[in-house]
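I opened this entry to keep track of what I looked up, in the order I looked it up. Short notes follow.

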Amino acid sequence: MRIGELSRRTQIPIRMLRYYEERGLLTPQRAPSGYRHYQEADVEQATLVSSLVRSGLPTRLILPLLRDKQLNPVDGDETDDGDDDLVALFAAEFARLDSQVKCLSLSRNAVQQHLRRLRATRVSHDPTAT
């Protein structure tokens, strides 16, 4: 599929898909004419990348995450000297996301409770409600 179709299917703007490609997060095939050609698997990958970006994950961390997903490394594989730094970065990012999830959950619960009260008030003041 071409970039326009990928954009339509994922609801990700073409400009953002090009940015993902520049950062190495998507790697479409190129036709002899230079047009990008995406595979079906790219729909899932673009959606995942978009979700990770929206959650605030820096693209420098998304790339190793995608590589890990694609390679499915086995315990005992060769490790990179930078793994300790990467572990620290991912641990910090996990803590940030965990904090964000807790904050969003509190906000969601507060909004849900308020919405229930509003709906209950509407029903109790609606003379046509039975």
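**Orientation**

I start with a reminder to myself that this is a predicted model. I looked up the make-up of the protein chain and found 5 helices and 2 strands. Reading from the N terminus, I wrote the order down as α-α-β-β-α-α-α. I then checked burial: of the 130 residues in the protein chain, 23% are buried. I also looked at contacts between residues at least 6 apart in sequence. Of these, 55% join residues at least 24 apart.

**Helix α1 against helix α3**

How do α1 and α3 lie to each other? I took helix α1 as residues 3-10 and helix α3 as residues 40-54. Their axes are 10 Å apart and the packing angle is about 50°. An angle between 35 and 65 degrees falls outside the parallel and perpendicular classes, so I noted α1 and α3 as oblique to each other. I recorded the crossing of α1 and α3 as right-handed.

Next I listed who meets whom. From α1 come Leu6, Arg9 and Thr10. From α3 come Glu40, Asp42, Val43, Ala46 and Thr47. I sorted the residues of this contact of α1 with α3 into 3 nonpolar, 2 polar and 3 charged.

**Helix α1 against helix α2**

I turned to helix α2, residues 14-22. α1 and α2 pack with their axes 9 Å apart, at an angle of about 110°. The perpendicular class runs from 65 to 115 degrees, so α1 and α2 go down as roughly perpendicular to each other.

Which residues make the contact of α1 with α2? On the α1 side I found Ile3, Gly4, Leu6 and Ser7. On the α2 side I found Ile14, Leu17 and Arg18. The residues of this contact of α1 with α2 divide into 4 nonpolar, 2 polar and 1 charged. I noted that Leu6 is listed in the contact with α2 and also in the contact with α3.

**Gly4**

I went back to Gly4, which lies in helix α1. Is Gly4 buried or exposed? Its relative accessible area is 19%, and the cut-off for buried is under 20%, so I entered Gly4 as buried. I then looked along the chain to Arg36, 32 residues away. The C-alpha atoms of Gly4 and Arg36 are separated by 9.8 Å.

**Gln11**

I moved to the loop between α1 and α2, where Gln11 is found. I checked its backbone and read a positive phi of about 60°, although Gln11 is not a glycine. Most residues other than glycine have a negative phi. I flagged Gln11 for its phi. With a relative accessible area of 66%, Gln11 is exposed.

**Glu21**

I placed Glu21 in helix α2. What does Glu21 touch, leaving out residues up to four places away in sequence? I listed Leu26, Pro28, Arg30, Arg36 and Tyr38. Arg36 thus turns up in the contacts of Glu21, after the C-alpha distance I took from Gly4. I also looked up Glu21 with Ala46, a pair 25 residues apart in sequence. From C-alpha to C-alpha, Glu21 and Ala46 are 9.8 Å apart in space. Ala46 is one of the α3 residues that meet α1.

**Rings**

How many aromatic pairs does the count give? I found 1 aromatic pair. The rings of Tyr19 and Tyr20 have their centres 6.4 Å apart. Their planes stand at 55°, so I logged the pair as tilted. I compared the two partners for exposure. Tyr19 has 33% relative accessibility and counts as partly exposed. Tyr20 has 2% and counts as buried.

**Pro58**

Last, I looked up Pro58. I found Pro58 in the loop between α3 and α4, and α4 covers 59-71. Its relative accessible area is 23%, so Pro58 goes down as partly exposed. Pro58 and Glu93 are 35 residues apart in sequence. In space, their C-alpha atoms are 9.0 Å apart.

Key: Residues are numbered from 1 along each chain as its sequence is written. This is a predicted model: local features need pLDDT of at least 70, side-chain atom pairs count only at pLDDT 80 or more; totals for chains, interfaces and linings use all residues. Side-chain values use heavy atoms; hydrogens and water are left out. Axes are lines fitted to C-alpha atoms, for helices over the stretch in contact, and angles run from 0 to 180 degrees between N-to-C directions. Helices (H or I, at least four residues) and strands (E, at least two) are DSSP runs, numbered from the N terminus. Angles under 35 degrees count as roughly parallel, over 145 as roughly antiparallel, 65 to 115 as roughly perpendicular and the rest as oblique. A crossing is left-handed if the near helix is turned anticlockwise from the far one by less than a right angle, and right-handed if clockwise. Contact means heavy atoms within 4.5 Å. Ala, Val, Leu, Ile, Met, Phe, Trp, Tyr, Cys and Pro count as nonpolar, Asp, Glu, Lys and Arg as charged, and the others, Gly among them, as polar. Rings of Phe, Tyr and Trp (its six-membered ring) pair if their centres lie within 6.5 Å; planes under 30 degrees apart count as stacked, over 60 as edge-to-face and the rest as tilted. Buried means under 20% relative accessible area, exposed over 50%, partly exposed in between (1.4 Å probe, protein chains only).
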